[in-house]
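Please open the model in your viewer and keep the sequence panel beside it. The tour below goes from one selection to the next and says what is found at each stop.

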Amino acid sequence: MKKIVEVRNLTTEFDRKRILNKVSMDVLENEVLVILGESGCGKTTLLKHIIGLHSPTSGSVKIFNQEIIGMDEVEFEKILKKVGVLFQNGALLNSLTIRENVAIPLRQHTNLSESLIQRLVRTKLHLVELDEAIDMFPSQLSGGMCKRAALARAIALDPVMLFCDEPTAGLDPVTSSAIDDLIKKLNNQLNMTVMVITHELASIHRIADRVVFLDKGEVLFGGRFEESKKSRIPQISNFFEKGNF
Ligand SMILES: Nc1ncnc2c1ncn2[C@@H]1O[C@H](COP(=O)(O)OP(=O)(O)OP(=O)(O)O)[C@@H](O)[C@H]1O
Ligand SMILES: [Mg+2]
């Protein structure tokens, strides 16, 4: 199976505190990989290293077979074009309409005509079932709608690889399940490879092919979701018993 992301011995420290310790993990082509672990264990930090927002103390990160640590900006831009990110806080710009928010990556990374940009924005908003909200501002949308709008923006450039940091956190079960269905649809129908960070057991059941459990910056388990349920590692079996961390 082809590796889309390959992390090896990634170690990072903030203020001399070790946050990730020799993390090695892969994201395989066409899978949904879920990153699990209690609050503060380093999940978002791992994501930020994979998309080049942080540089590690040591270790290697490859995306599409290219080492990104120390890569020059022009090369890295090319990689970023093939990657979509839904950040933990959604990060829509409040002063822009949903239409303009979704258009941001298209304006930033392409030279497409205005009419094509508008068509792509409408297509993406249709995919996340937000056609009606196109001219609304983020403050006029519910939490779930904001997540869907942020997802539309994350997939604006038809990324090969999509990263989602807590896409369902703080949403009610029905809305969460709709977001999970959307992630599955992107994976199944559009062949996107997806890495999702989540706390929620129900989501993991719905979307995960494989899981990586992080604990205090280290990988406790990486493998098939079905296998993880049989694990005797206390932190993991506790998680499945309690349904949360
Ligand atoms: N830029 C930073 N500077 C200093 N410390 C940081 C920075 N970013 C994260 N940390 C620390 O790194 C640790 C891991 O944070 P991270 O955001 O990766 O956790 P997380 O697993 O995503 O948690 P949550 O589930 O709450 O989102 C925390 O102790 C946090 O305080
Ligand atoms: Mg986080």
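## First stop: the open sheet

Begin by selecting strand S4 (residues 58–63) together with S5, which run antiparallel and are joined by two bridges. Keep in mind throughout that this is a predicted model. Within this pairing, isoleucine 63 stands opposite glutamine 66 in S5.

Now widen the selection to the sheet to which both strands belong: four strands form an open sheet with antiparallel pairing, in the order S2-S1-S4-S5. Its edge strands are S2 and strand S5 (66–67), each of which pairs on one side only.

Before leaving this region, pick asparagine 65, which sits in the loop between S4 and S5 and has a positive phi of about 70° although it is not a glycine. Most residues other than glycine have a negative phi. With a relative accessible area of 60%, asparagine 65 is exposed.

## Second stop: ligand 1

Select ligand 1 next and display its shell, which consists of 14 residues, the closest being Ser39, Gly40, Lys43, Thr44 and Thr45. Strand S2 (17–28), already met as an edge of the open sheet, and H1 each supply at least two residues of this shell, and H1 gives the most, with three residues. If you colour the shell by class, you will find three nonpolar, seven polar and four charged residues.

For the individual contacts, look at the oxygen atoms of the ligand. A polar backbone atom of glycine 40 is 2.8 Å from an oxygen atom of ligand 1, while lysine 43 places a polar side-chain atom 2.8 Å from an oxygen atom of ligand 1. Threonine 44 likewise has a polar side-chain atom 2.8 Å from an oxygen atom of ligand 1. Of the 640 Å² of accessible area that ligand 1 has on its own, the protein covers 65%.

## Third stop: the magnesium ion

Keep threonine 44 selected and add ligand 2, the magnesium ion, whose protein donors are Thr44 (OG1) and Gln88 (OE1), at 2.0 to 2.5 Å from it. Because threonine 44 lies in helix H1 (residues 43–50) and glutamine 88 in the loop between strand S6 (83–86) and helix H3 (98–109), the pair ties together parts that are 44 residues apart in sequence. Are these two donors buried or exposed? Threonine 44 is partly exposed, at a relative accessible area of 22%, and glutamine 88 also counts as partly exposed, at 40% relative accessibility.

## Fourth stop: strand S9 and its partners

Move on to strand S9 (residues 210–215), where six of its six residues are buried. Arg210, Val212 and Leu214 point one way from S9, and Val211, Phe213 and Asp215 point the other way.

Add the strands that pair with it. Strand S3 (residues 32–36) runs parallel to S9 and is joined to it by four bridges, with leucine 36 having phenylalanine 213 as its bridge partner in S9. Strand S10 (residues 218–224) runs antiparallel to S9 and is joined to it by six bridges; here valine 211 has glycine 223 as its bridge partner in S10. S9 and S10 form a hairpin with two residues between them, and lysine 216 in the turn has a positive phi of about 45°.

## Last stop: asparagine 191

Finish at asparagine 191, in the loop between helix H6 (173–189) and strand S8 (193–197). Its phi is near 55°, a positive value in a residue other than glycine, and asparagine 191 is partly exposed, with a relative accessible area of 47%.

Methods
Residues numbered from 1 in each chain as written. Chains lettered and ligands numbered in written order. Predicted model: local features only at pLDDT ≥ 70, side-chain atom pairs only at ≥ 80, totals over all residues. Heavy atoms only, no water. Donors = N, O, S within 2.8 Å, 3.2 Å for Na, K, Ca; no water. Buried < 20%, exposed > 50% of the residue type's maximum accessible area, 1.4 Å probe, protein only. Near = heavy atom within 4 Å. Polar contact = N/O pair within 3.5 Å; in protein donor to acceptor, adjacent residues only side chain to side chain. Areas by Shrake-Rupley, 256 points an atom, 1.4 Å probe, with all protein chains shown as cover. Nonpolar A, V, L, I, M, F, W, Y, C, P; charged D, E, K, R; others polar. Pairing = 2+ DSSP bridges.
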